[in-house]
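Student: Hey, could you walk me through this one? I'd like to start with its pockets.

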Amino acid sequence: MPPIRQRQGTTAAELLVDARAAAYPLLARVIGGLPDPLRRMAGYHFGWWDRLGNPASAASGKALRSALVFAAAAACGGPRDAAQPAAAAVELLHNFTLLHDDVIDGDRTRHGRETVWSVWGMPDAVLLGDVLHIAAAGLLATDLPAAISCRAVTYLEAASVELCAGQHEDCAFESREQVLPEEYLRMATGKTGSLMGVSCALGALCAEAEPTTIALFDTFGRELGLAFQIVDDLLGIWGDPMITGKPAGSDLSGRKQSLPVVYALCSDTEAGAELADLYRSDAPMSQDDVVRAAELIEAAGARASAQQLADDHLTKALEVLPDQSAASDLITLAQFSVHRDR
């Protein structure tokens, strides 16, 4: 099989479209093989059809993690076909986390339409997430060569444990008055960095890279994941709901301890003190409160500090790449992850 060809000047949008198309056949096979109503719920979640099972073309995820698998394999000179099972598997695992996140956070919309739990209820959404997690491991076990399938499943499941631990910490933060920046970064490394790390590591593994090289790609993905999560936090406050598909200021209305909030609360500024009063209040956040909280975070310098940290972790990610000249697709995706609007 020929190696994945990296085209000079390929945009992030093109890489994401290519990754979605390349992973789709395996995703369709896995989802199509589920028993109803799990099959119908999964297809709805991926945007393939409506709640009745009729074909639809709803907005779906970016397929960034699948694209990272293909880009990492390309950087190691591997063939696209060899990376397809891993690309589909990380997409399944990512959507397991999204289904559970929507339940945990109580989010009723994703990509501008109702979430699975808001249509079918929380128990079914949790069960569907569990099924996608199981399917991800099963895909690696059955579709990768025997020589690497066991290692691939081990990598995936280690990342699964780590991301669940990170999610636990994230939830625990909501009941605390103050979270330190270093605690936030530890949480984000688990919640987001682990999955991006394993995406890159699996791409390298599928390209038959050496263990030391695989470890470098894992580090690249983890650093990129931190940058990505920080940008997510910024969009959760200042993102355009028409683009993000989520209500404006949703993180603030839920008093979420995202990084800009953490920085502001630890800033020892008048704006930070006023924000602390808003966050300690038992009264629900009004829309005026949400607007004021966003203003206070910016006044405390936390928005700029968070963006700078995202840029710093992007730089660290790029610095660990063993050969940047062979990693143009990865670099393009990394730049997109930090400079995006959704």
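Tutor: Sure. Keep in mind that this is a predicted model. The second largest pocket has 17 lining residues, and Arg20, Phe46, Trp48, Ser60 and Gly61 are the ones nearest its centre.

Student: Which elements give two or more residues to that lining?

Tutor: Those are α1 and α4. The largest share, five residues, comes from α1.

Student: And how much space lies in the second largest pocket?

Tutor: About 240 Å³. Its lining residues split into eight nonpolar, six polar and three charged.

Student: OK, what about the largest pocket, how much space is in there?

Tutor: That one holds about 1,200 Å³. It has 45 lining residues, with Leu98, Asp101, Arg110, Asp232 and Lys246 nearest the centre.

Student: Where does the largest pocket lie relative to domain 1 and domain 2?

Tutor: Between them, because domain 1 (12-177) and domain 2 (210-321 + 336-341) both give residues to its lining. Several helices supply at least two lining residues each, including α3, α7 (146-173) and α9. The largest share, eight residues, comes from α4.

Student: How do the lining residues of the largest pocket divide into nonpolar, polar and charged?

Tutor: There are 13 nonpolar, 17 polar and 15 charged.

Student: Switching topic: how many cavities of 30 Å³ or more are there?

Tutor: Two. The largest has about 90 Å³ of space, and the second largest about 30 Å³.

Student: Which residues line the largest cavity?

Tutor: Among them are Tyr44, His45, Asp102, Arg110 and Glu114. Both α2 (38-45) and β2 (113-114) supply at least two of the lining residues. By type, the lining has three nonpolar, three polar and four charged residues.

Student: And what lines the second largest cavity?

Tutor: Its lining includes Asp170, Tyr184, Lys191, Gln229 and Ser258. Helix α8 gives the largest share there, three residues.

Student: Now the nonpolar core. Which residues touch the most other members in the largest one?

Tutor: Leu92, Leu202, Phe220 and Leu330, out of 98 residues in that core. The largest share of the core, 12 residues, belongs to α8. Domain 1 (12-177) and domain 2 (210-321 + 336-341) each put at least three residues into this core.

Student: What is Leu92 in contact with, leaving aside its neighbours within four places in sequence?

Tutor: Its contacts are Leu27, Val30, Ile31, Phe46, Leu132, Ala135, Ala136 and Leu139. Apart from the largest core there's another, of 18 residues, with Leu265, Ala271, Ala276 and Leu296 among them.

Student: Why is helix α16 largely enclosed by the rest of the structure?

Tutor: Helix α16 (residues 328-338) is largely enclosed because nine of its 11 residues are buried. Those include Leu330, Ile331, Leu333 and Phe336.

Student: What covers the buried residues of α16?

Tutor: The cover includes α1 (12-32), α3 (64-75), α8, α9 and α15 (302-319).

Student: Last one: where is Gln307 found?

Tutor: In helix α15. Gln307 is partly exposed, with a relative accessible area of 27%. Setting aside residues up to four places away in sequence, Gln307 touches Leu234 and Val338.

Student: And how far apart are Gln307 and Val231?

Tutor: They're 76 residues apart in sequence, but 7.1 Å apart in space, C-alpha to C-alpha.

Methods:
Residues numbered from 1 in each chain as written. Predicted model: local features only at pLDDT ≥ 70, side-chain atom pairs only at ≥ 80, totals over all residues. Heavy atoms only, no water. 1 Å grid on protein atoms, 1.4 Å probe; cavity = no way out; pocket = protein on both sides within 12 Å on 5 of 7 lines; lining within 4 Å. Points joined across faces, edges and corners; volume = space filled by probe spheres on them. Helix = DSSP H or I, 4+ residues; strand = E, 2+ residues; numbered from the N terminus. Nonpolar A, V, L, I, M, F, W, Y, C, P; charged D, E, K, R; others polar. Core = buried A, V, L, I, M, F, W, Y, C linked by side-chain atoms within 4.5 Å. Buried < 20%, exposed > 50% of the residue type's maximum accessible area, 1.4 Å probe, protein only. Domains from an automatic or database assignment. Contact = heavy atoms within 4.5 Å.
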